[in-house]
Amino acid sequence: MSRLSINSVVRLQSRAHSAGRLARVADYVELTKPRIVVMELVTIVAAAHLATPWGVDPFVLLHTVLGAALVAASAGAFNQWCERYTDARMVRTANRPLPAGRLQEIEVVWFGTVTFIVGTIELLAFVGPLTAAVGVATWLIYVVIYTPLKTRSPLNTVVGAISGALPILIGWTATGAPVDMRALSLVAVMFLWQFPHFMAIAWLYRADYVRGGQRMLSVVDPSGLRAGSQALIGALVLVPVSLVPAMSPQAGSPAIYCGWALVLGGAQLVAAMLFLIGRSDESARRLLRMSLLYLMCWMGLLLIIAV
């Protein structure tokens, strides 16, 4: 074999190894449920800025984000480890790293354990024990309670909404600000927002949830009446609750916030009502899109009243 041919083979092998390493890194990233992690980190940063409108300590905020990201990554990994068999039966999750066989169970357990320990130590050492406790509580609710409850009871959505709302307190407590009415109202908004959001998802993927043996409301009530009602109630209660953060004397632009919060809340309420009436894939997708738009705009509004 000529030297040129040998060099070509070496280059091809090197590229193959590099591609393999990148694919493996991508699998670990997918294991963390990156979209959920990013959403949690955005709420943490927004809550921290709202808690301290005079300015957030960048050192503390950096360690809060790093520690919370690691704990959230661990929660995603253990969630996928617990659901590896149900994921294999569902179309939208069958290609995840574990059911697809790209990662081994022991690798996922080690990854989840290390990220949880390092993330918790990061929060405890550089932020504070209260913030670390909220991070651990969020992990426990999501992994130990919510995940196994998904195959047992439709109440899993309520429990999941609690773990989804607690990251607000991670950002809030990291600043040292007291947990007051504003902080609790933010938690309430995040809690209520998840009902229209996840009821839309539960309807769109109801056939998949049946295959996976998951007890969503759209599974236990195929008519969709209960899922639609829960989405509507969540969106309705969300409207007045979302106005509470503007009542703080530190709020910089309460009128702007309230006006836009009413517009966003009203639009989501209409989408939830149409979903309840129609209970179709089209109305569910509309509600899902509206819920995502609501969350992004609401977080932007929080930053407006924080300055």
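Of the 307 residues in the chain, 50% are buried. This figure, like those that follow, comes from a predicted model. The accessible surface of the chain amounts to about 14400 Å², and carbon and sulfur atoms contribute 71% of that area.

A look at the secondary structure helps a newcomer find the way around. The chain holds 14 helices and zero strands; read from the N terminus, the elements therefore appear as α-α-α-α-α-α-α-α-α-α-α-α-α-α, with helices defined as runs of at least four residues. Among the contacts with a separation of 6 or more, 73% join residues that lie 24 or more positions apart along the chain.

Helix α7 makes a good place to pause. This helix spans residues 156-165 and is mostly covered, with eight of its ten residues buried. The buried positions are Asn156, Thr157, Val159, Gly160, Ala161, Ser163, Gly164 and Ala165. Several other helices take part in covering these residues of α7, including α6 (129-149) and α8 (167-174). Further along the chain, α9 (181-204) and α12 (225-241) also belong to the cover over the buried part of α7.

The cysteines complete this short tour. The count of disulfides in the model is zero. Cys258 has a relative accessibility of 24% and so counts as partly exposed, since buried would require a value under 20%. Cys297, with a relative accessible area of 32%, is partly exposed as well.

Methods
Residues are numbered from 1 along each chain as its sequence is written. This is a predicted model: local features need pLDDT of at least 70, side-chain atom pairs count only at pLDDT 80 or more; totals for chains, interfaces and linings use all residues. Side-chain values use heavy atoms; hydrogens and water are left out. Helices (H or I, at least four residues) and strands (E, at least two) are DSSP runs, numbered from the N terminus. Buried means under 20% relative accessible area, exposed over 50%, partly exposed in between (1.4 Å probe, protein chains only). Contact means heavy atoms within 4.5 Å. Accessible areas come from the Shrake-Rupley method with a 1.4 Å probe; for residues, only the protein chains shown count as cover. A disulfide is a pair of cysteine sulfur atoms within 2.5 Å.
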